[in-house]
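Student: I've just opened this one and could use a guided walk through it. Can we go by question and answer?

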Amino acid sequence: MKTARILIAALLIATNLIGHADNDALRHTTDVMCLLPDATALGVAIAKHDTQGLKQLGLSTATCLVVNYGLELCIKKDRPDGTGHHAFPSTHTAVAFNGSTFLMKRYGWKWGVPAYVVSSFVAWGRVKTDRHDWWDVLGGAAIGAGSAFIFTRPFVKNVDVTISPTTFGDRAYGMTAVIQF
């Protein structure tokens with residue numbers, strides 16, 4: 001939960017700074033903030049010694065990037081601000097929503113909701129600075145979330161269960177179960 005507070009604090013600080021800055025500051029802020037959900041997901045997985053989660057995060061992020069860049073190469077859509085022709089889909093939004101969806105699905109809403117707030121801010125910022133249209137960020141969000149949904153499973157701590165047959169004298173039989181967690 002402490003990390004969730006850090007994500008919210010970063011968002012509030014960025015929002016306050018942006019209220020007094022121009023579009024360049026907002027664009028640079030979204031350049032950095034799009035990485036926060038994935039960085040948080042990586043940190044949580046490492047802190048929990050969740051090797052399965054690390055694999056799932058790696059697969060979902062790789063899939064997200066391959067699909068996103070593949071579509072950017074095939075679809076030559078100009079940016080609204082005229083700075084290039086790789087507007088659809090939004091890579092920043094895809095990466096942000098990939099990390100948020102991973103956090104939500106793997107570790108629950110306490111991690112996912114603050115990450116989704118950050119991702120939504122990134123999507124809004126990309127549209128606000130004319131780097132993307134709303135359908136560009138919607139496409140990026142769908143790619144990022146979809147990639148995480150495909151590969152991510154909920155986190156369950158390792159539980160060892162041992163079941164063995166037991167006899168109690170000559171006439172009583174049963175089962176003994178030991179659960180270790």
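Here is a short chat about helices, salt bridges and rings.

Tutor: Before we start, this is a predicted model, where local features need pLDDT of at least 70, side-chain atom pairs count only at pLDDT 80 or more, and totals for chains, interfaces and linings use all residues. Residues are numbered from 1 along each chain as its sequence is written, and side-chain values use heavy atoms, with hydrogens and water left out.

Student: Is helix α5 enclosed or open, and how many of its residues are buried?

Tutor: Helices here are DSSP runs (H or I, at least four residues), numbered from the N terminus. Buried means under 20% relative accessible area, exposed over 50%, and partly exposed in between (1.4 Å probe, protein chains only). Helix α5 is largely enclosed by the rest of the structure, because its buried residues number 15 of the 17.

Student: Which residue just after α5 takes a positive phi?

Tutor: Helix α5 covers residues 91–107. Just past that helix, phi is about 105°, and the residue is Gly108.

Student: Which residues are linked with Lys77 in a network of salt bridges?

Tutor: A salt bridge puts a side-chain nitrogen of Lys or Arg within 4 Å of a carboxyl oxygen of Asp or Glu. Lys77 meets Asp133 at 2.7 Å, N to O. Lys77 also meets Asp136, at 3.1 Å. So Lys77, which is buried at 17% relative accessibility, is linked in the network with Asp133 and Asp136.

Student: How many residues apart in sequence are the parts that Arg131 and Asp81 tie together?

Tutor: The side chains of Arg131 and Asp81 meet in a salt bridge of 3.3 Å, N to O. Arg131 sits in the loop between α6 and α7, while Asp81 sits in the loop between α4 and α5, so the parts they tie together are separated in sequence by 50 residues.

Student: What kind of aromatic pair do Phe102 and Tyr107 form?

Tutor: Rings of Phe, Tyr and Trp (its six-membered ring) pair if their centres lie within 6.5 Å; planes under 30 degrees apart are stacked, over 60 edge-to-face, and the rest tilted. For Phe102 and Tyr107, the centres are 5.8 Å apart and the planes at 80°, so the pair is edge-to-face.

Student: And is Trp134 buried or exposed?

Tutor: Trp134 pairs with Trp135, with ring centres 5.5 Å apart. Trp135 is partly exposed at 40%. Trp134 has 56% relative accessibility, so it counts as exposed.

Definitions and conventions:
Helices (H or I, at least four residues) and strands (E, at least two) are DSSP runs, numbered from the N terminus. The expected span of a helix is 1.5 Å times one less than its number of residues.
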